Amino acid sequence: MIRAAAVVVVLFTTFTACAKPPPDGVYADLPFLDSTEGVDVNPEHIVLDMAAEGHRALPLMIDTGASFSVLTPGFAKQVGVSVRRTKNSPYRRKSALGRDVQFYVDTSSSDTGARSGWEIGVLGGNVLEKYTVEFDYVARRVRFLDPRKHPVPKEPAHAGEIVVPVQIVGRRPYVVLNLGNGKASFLVDTGAPFDLELSEKTAVRLGISHEEGDIVEGSNAIGADRALVTEVDSVRIGDREVGPSELKVTLADGSGWRHTNNAGRDEAVLAASFLNRFHVRIDYVHSRMSLVPLSAEEREKVVASLEGGATQARKVIDWVPATVRLAKAGLDVTVIELGQFRVDKAKAFGPGSKIGLRKGDVITNASG
């Protein structure tokens, strides 16, 4: 849902006048925040407080797979944004970057809460495209760097460093990987969990078997999700072999491909748990990415942080169960926990009533 809204708004102006570049070329050096109740519970995701010093907290999930920054209505209200359903221009807040961050609030289904119950804000490509963005998974920090002073070099500058071109399309970075019997263009997506993900169509083109493995089924904000989890023996980036990776093949039978691909025919995502094997820099301005493999000791530290959470707890906002009006279903519901909804009202003769939903019923699994 957030991604769909983000794609629509990519043509709008994104920033106020540029902030004055800092002498050291570091606009901001921000720590990962602990996942907070009702915001994001996946430890692989990166949440940063983007608020300017002295201003109300603005914890946003950094999402290279989103072309624009978007907040759900319930989350927007929690961080002090006065949501107007008829507003067509971006909202803005002062940020730690020294300039206003602009974002939209997704009111496509409701102006009170997210349809999925997942109240969140994402920091997307309209912000990231101005910088070299450095992901330091060991120190658990993200640095926003001036690309004139901190470009990703054309050739590796450190031992083991991999430097590859990225294609920036719709403010989102794509990189070519070799696997199976061919290559594919992968969306670099810090907002997606897992290692690598392909649609069934792309897996077939690459000659990757999608008949052996574990079937996982679930749902997301867009609908049903049915996939086969397997492993690919070899993955190459540029001229470098980076070893085996877990692979998730989204099956056409039971779910549709849910990631908009702006770079061509391939339907493929390079996701968070692949990226966190490296020290990563994405230089949007010069269209290059640097990956420096972590040492065994560094990797152990990253894995420990994913299993145990951040070492310094920091609660940014409190979560309040959101009441949401699902107009097309003729329902008013309250999100009682992630993915579960209590029916508060079922409109007479509405779609919900017609299938038997009544006040007080609990929806335990919503799939589209």
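This text goes through a sheet, a hairpin, two loop residues and a cavity in a predicted model.

The open sheet is a convenient starting point. Six strands make up this sheet, in the order β1-β9-β8-β21-β22-β10, and their pairing is antiparallel. The edge positions belong to β1 (26–31) and β10 (162–165); each has a single partner strand, so one side of each lacks a neighbour in the sheet. From one strand to the next the twist averages 15 degrees. At the β1 edge, the partner is β9 (residues 141–145), and 5 bridges connect the two strands in the antiparallel sense. One bridge can be located by its residues: alanine 28 is partnered by phenylalanine 144 in β9.

Two strands of this sheet, β21 (278–283) and β22 (288–293), are connected by a loop that contains serine 287. Serine 287 is not a glycine, yet its phi is positive, near 55 degrees. Most residues other than glycine have a negative phi. With a relative accessible area of 27%, serine 287 is partly exposed.

A second residue with this kind of backbone angle is arginine 171, a non-glycine whose phi is positive at about 65 degrees. Arginine 171 sits in the loop between β11 (167–169) and β12 (172–179). Is arginine 171 buried or exposed? Its relative accessibility is 13%, and because buried means under 20%, arginine 171 counts as buried.

Past that loop, β12 leads into a hairpin with β13, with 2 residues between the strands. In the turn, glycine 180 has a positive phi of about 60 degrees. The two strands run antiparallel and are joined by 6 bridges. Among the paired residues are asparagine 178 and its bridge partner in β13, lysine 183.

Strand β13 (residues 182–188) is mostly covered, with 5 of its 7 residues buried. Besides its antiparallel pairing with β12, β13 pairs in the parallel sense with β20 (residues 268–270), over 2 bridges. Here leucine 187 has valine 269 of β20 as its bridge partner.

The last feature is an internal space. The model has 1 cavity of 30 Å³ or more. The largest cavity holds about 60 Å³ of space. Which residues line the largest cavity? The lining consists of Phe32, Pro43, Glu44, His45, Tyr137, Arg140, Asn276, Val302, Ser305 and Leu306. By class, 5 of the lining residues are nonpolar, 3 are polar and 2 are charged.

Definitions and conventions. Residues are numbered from 1 along each chain as its sequence is written. This is a predicted model: local features need pLDDT of at least 70, side-chain atom pairs count only at pLDDT 80 or more; totals for chains, interfaces and linings use all residues. Side-chain values use heavy atoms; hydrogens and water are left out. On a 1 Å grid over the protein atoms alone, a cavity is a set of points where a 1.4 Å probe fits but cannot get out, and a pocket is an open set with protein on both sides within 12 Å along at least five of seven lines; lining residues have an atom within 4 Å of a point. Grid points are joined across faces, edges and corners, and a volume is the space filled by probe spheres set on the points. Ala, Val, Leu, Ile, Met, Phe, Trp, Tyr, Cys and Pro count as nonpolar, Asp, Glu, Lys and Arg as charged, and the others, Gly among them, as polar. Two strands pair if DSSP finds at least two bridges between them. Helices (H or I, at least four residues) and strands (E, at least two) are DSSP runs, numbered from the N terminus. Axes are lines fitted to C-alpha atoms, for helices over the stretch in contact, and angles run from 0 to 180 degrees between N-to-C directions. Buried means under 20% relative accessible area, exposed over 50%, partly exposed in between (1.4 Å probe, protein chains only).
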